[in-house]
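Grab a pencil and work through these exercises one at a time. Try each task before you read its solution.

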Amino acid sequence: MKLNLNIQPLNTWLNVNNEPLIISGPCSAETEEQLLTTAHLLAATGKVSVLRAGIWKPRTRPGEFEGIGSIGLEWLKRAKAETGLPTAVEVANAKHVEEALAAGVDILWIGARSTVNPFTVQEIADALKGHDVPVLIKNPVNPDLQLWIGAIERINGAGITKIGAIHRGFSSFEKSSFRNEPMWELAIQLKTLCPELPIINDPSHICGNRELIPYISQKALDLDMQGLMIESHVDPSVAWTDAKQQVTPAALAELVDRLTVREPEAPNEAFADKLADLRKSIDKIDDILLQKLGERMAIVEKIGEFKRDNQVTILQVNRWDAIIKKGHAFAKALKLDLNFTEKFLELMHGESIRKQTEIMNAGKAEQGIAAEQHTEVKA
């Protein structure tokens, strides 16, 4: 089901001089000299369309640098006047919105820590009513697509039609090479629900280190995201916040030059015909897979009934271990990714357990309903 949003195309409200769209600037505006120097160097690359800078910084613990505050807006105003670059800042409450708009900031964005809180998003939405300003909305810290959608709907409901989403990855307890797990599937789901919504990738926050930024940037473009937000600092080694994930303006220019920008469609008729044939082949295989999954689940139901009648537990660990070992061996032989294969098997196993649990407890559920009804009659 598609989302019912009123959104203007990106190219109607943002002058994208280059492809891909690059939003760049320091994680935090630290001093006027630092911001202006970085801004001039970024503008000189000819690769950057928007200058970003953190003015108010939400920190995990008190006592850490929480942004330079409102004075930084004056520095941004000067940077815009001297470079011609439109500016963007993060806002986290109504006061931030008012001050940023009064200072002539061109684009506002809502951070991941704010998106997670509907009260905060609504406060920002209320402050935006009556203003025609572009707003970018980062995904929430936790992997919750509905929270992300809800934030977009609240901002759109305030009359803002110049809207984009920022994919900055999600927190995870699992150890990983990334600061925040990309979880690309959530961004893809959002794009599927709202094809007209521009999605900009934030490789700086996904990676947490500059070495991985080129890889994530290229993957984002290959997934048809409309641009990149990359943090840049004149000297990242002395940055007051997130030093490891910032790049110099020169490194940014080199990174962008190495990216390959691909089109979502090709004008070549032969390509379109060949692609259509290949997709038909995939559709046929998908139909067979679904049919086989249906047959598998029918057998699972019989197993559930058999276990129930013989008072046997649903889960047998030895059986699951055997499935995983066999799956790994089969995946290697078929040149399938082991991680993908394991996730697929886990999904099937989880559904099998759910179905068997349903069968095992069907009688108990009916007894519970009957007991409740009996209690109500007595009462």
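**Exercise 1.** Work out which hand the crossing of α11 and α13 has, and how the two helices are oriented.

*Solution.* Keep in mind that you're looking at a predicted model. Start with the distance: the axes of α11 (residues 269–309) and α13 come within 9 Å. Next, the angle: the axes cross at roughly 45°. That angle makes α11 oblique to α13, because angles under 35 degrees would count as roughly parallel, while roughly perpendicular starts at 65. Now for the hand: α11 passes α13 in a right-handed crossing. Finally, look at who meets whom. On the α11 side you'll find, among others, L293, M297, V300 and R308. Facing them from α13 are residues including M348, E351, K355 and M360.

**Exercise 2.** Do the same for α1 and α10: are they roughly parallel or roughly antiparallel?

*Solution.* Helix α1 covers residues 32–45 and helix α10 covers residues 249–258. Their axes come within 9 Å and cross at roughly 25°. Since angles under 35 degrees count as roughly parallel, α1 is roughly parallel to α10. The contact itself comes from T38, L41, L42 and T45 in α1, together with P249, L252 and A253 in α10. As for the hand, this crossing is right-handed.

**Exercise 3.** Find the elements that give two or more residues to the nonpolar surface patch that includes L334.

*Solution.* First list the members: F330, L334, L336, F340 and F344 make up this nonpolar patch on the surface. Together they have about 520 Å² of accessible area. Then sort them by element: α12 (317–334) and α13 (338–360) each give two or more residues. L334, for one, lies in helix α12.

**Exercise 4.** Explain why E74 and K77 are separated by about one helical turn.

*Solution.* Both residues belong to helix α2 (residues 71–83). They're 3 residues apart there, which means about one helical turn between them. The two form a salt bridge, and their closest N and O atoms are 3.8 Å apart. That passes the test, because the cut-off is 4 Å. How many salt bridges does a search of the whole structure find? The count is 18.

**Exercise 5.** Place N209 and say which residues it contacts beyond its neighbours within four places in sequence.

*Solution.* N209 is in the loop between α8 (203–207) and α9 (213–222). Skip those sequence neighbours, and N209 is in contact with S177, K244 and Q245. Check V247 as well: N209 and V247 are 38 residues apart along the chain, yet their C-alpha atoms are 9.3 Å apart.

**Exercise 6.** What sign does phi have at M183, and at Q311?

*Solution.* Here's the background: most residues other than glycine have a negative phi. M183 isn't a glycine, but its phi is positive, about 45°. Its place is the loop between β6 (163–167) and α7 (184–193). Q311 also has a positive phi, near 55°. You'll find Q311 in the loop between α11 and α12.

Key: Residues are numbered from 1 along each chain as its sequence is written. This is a predicted model: local features need pLDDT of at least 70, side-chain atom pairs count only at pLDDT 80 or more; totals for chains, interfaces and linings use all residues. Side-chain values use heavy atoms; hydrogens and water are left out. Patches are made of residues with over 30% relative accessible area and no salt bridge: like charges are joined within 9 Å, nonpolar side chains (Val, Leu, Ile, Met, Phe, Trp, Tyr) within 5 Å. Accessible areas come from the Shrake-Rupley method with a 1.4 Å probe; for residues, only the protein chains shown count as cover. A salt bridge is a side-chain nitrogen of Lys or Arg within 4 Å of a carboxyl oxygen of Asp or Glu. Helices (H or I, at least four residues) and strands (E, at least two) are DSSP runs, numbered from the N terminus. Axes are lines fitted to C-alpha atoms, for helices over the stretch in contact, and angles run from 0 to 180 degrees between N-to-C directions. Angles under 35 degrees count as roughly parallel, over 145 as roughly antiparallel, 65 to 115 as roughly perpendicular and the rest as oblique. A crossing is left-handed if the near helix is turned anticlockwise from the far one by less than a right angle, and right-handed if clockwise. Contact means heavy atoms within 4.5 Å.
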